[in-house]
Amino acid sequence: MAVGESDRAAHIDLLPFVAESRAHRAACPDARHFARTLPVAWVCELSIAGTPSQARAAIDARHAAGATSVVLVPAGPGALACLD
């Protein structure tokens, strides 16, 4: 998912850094560069990543904020194995 693309706006419209994200995307030559240069704080807001306990804490935080479901889409080599 290319979160910086306009068809993904619903995923970031309510986040506190939406204006900065749009400006950053506009300044990047392509989606790949945008993704590689995202600030770490944004990545933490937009993803569930880290150790299993960090991932569980991130999911719990999203439920505490009102999420009724969280969808995990594993990425990278060995993506399905990372769900263990």
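pLDDT is the predictor's confidence in each residue, from 0 to 100. This is a predicted model, so local features need pLDDT of at least 70 and side-chain atom pairs count only at pLDDT 80 or more, while totals for chains, interfaces and linings use all residues. Residues are numbered from 1 along each chain as its sequence is written, and side-chain values use heavy atoms, with hydrogens and water left out.

**Exercise 1. Work out what the confidence values say about the protein and its helices.**

Step 1: start with the whole protein, where the mean pLDDT is 84 and 86% of the residues reach 70 or more.
Step 2: go helix by helix. Confidence is lowest in α3, with a mean of 85, and highest in α4, at 93.

**Exercise 2. Describe the fold and its surface.**

Step 1: count the elements. Helices (H or I, at least four residues) and strands (E, at least two) are DSSP runs, numbered from the N terminus. That scheme gives the protein four helices and zero strands, in the pattern α-α-α-α along the sequence.
Step 2: look at burial. Buried means under 20% relative accessible area, exposed over 50%, and partly exposed in between (1.4 Å probe, protein chains only). Of the 84 residues, 20% count as buried.
Step 3: take the surface. Accessible areas come from the Shrake-Rupley method with a 1.4 Å probe, and for residues only the protein chains shown count as cover. The total is about 6,100 Å², with 60% of it belonging to carbon and sulfur atoms.

**Exercise 3. Find the largest nonpolar core and say what L15 touches.**

Step 1: get the rule straight. A nonpolar core is a set of buried Ala, Val, Leu, Ile, Met, Phe, Trp, Tyr and Cys residues joined through side-chain atoms within 4.5 Å.
Step 2: list the members. The largest core has eight residues: I12, L15, F17, V18, C28, F34, L38 and W42.
Step 3: recall the background. In soluble globular proteins, nonpolar side chains tend to be buried together.
Step 4: zoom in on L15. Contact means heavy atoms within 4.5 Å. Leaving out neighbours within four places in sequence, L15 is in contact with E45 and L46.

**Exercise 4. Sort out the two faces of α1.**

Step 1: pick out the buried residues of α1 (residues 18-27), namely V18, S21, H24 and R25. They sit on the same side of α1 because they cover an arc of only 125° around the axis, the arc being that of the directions from the helix axis to the C-beta atoms.
Step 2: flip the helix over. The face turned away from the buried side carries exposed A19, A26 and A27.
Step 3: ask what does the covering. The cover over the buried residues includes α2 (31-36) and α3 (40-46).

**Exercise 5. Track down the salt bridge.**

Step 1: set the cut-off. A salt bridge is a side-chain nitrogen of Lys or Arg within 4 Å of a carboxyl oxygen of Asp or Glu.
Step 2: search the model. The structure holds one, between the side chains of D13 and R22 at 2.4 Å, N to O.
Step 3: check exposure. D13 is partly exposed at 38% relative accessibility, and R22 is partly exposed too, at 43%.

**Exercise 6. Examine the end of α4 and the segment after it, using R62, H63 and V71.**

Step 1: place R62 in α4 (residues 52-64). R62 is partly exposed, with a relative accessible area of 23%. Beyond its neighbours within four places, R62 is in contact with C44, E45, L46, S47, I48, A67 and V70.
Step 2: turn to H63, also found in α4. H63 is partly exposed at 36%, and touches T68, S69 and V70, not counting residues up to four places away.
Step 3: finish with V71, in the segment after α4. V71 is exposed at 69%. Its C-alpha atom lies 9.5 Å from that of I59, twelve residues apart in sequence.
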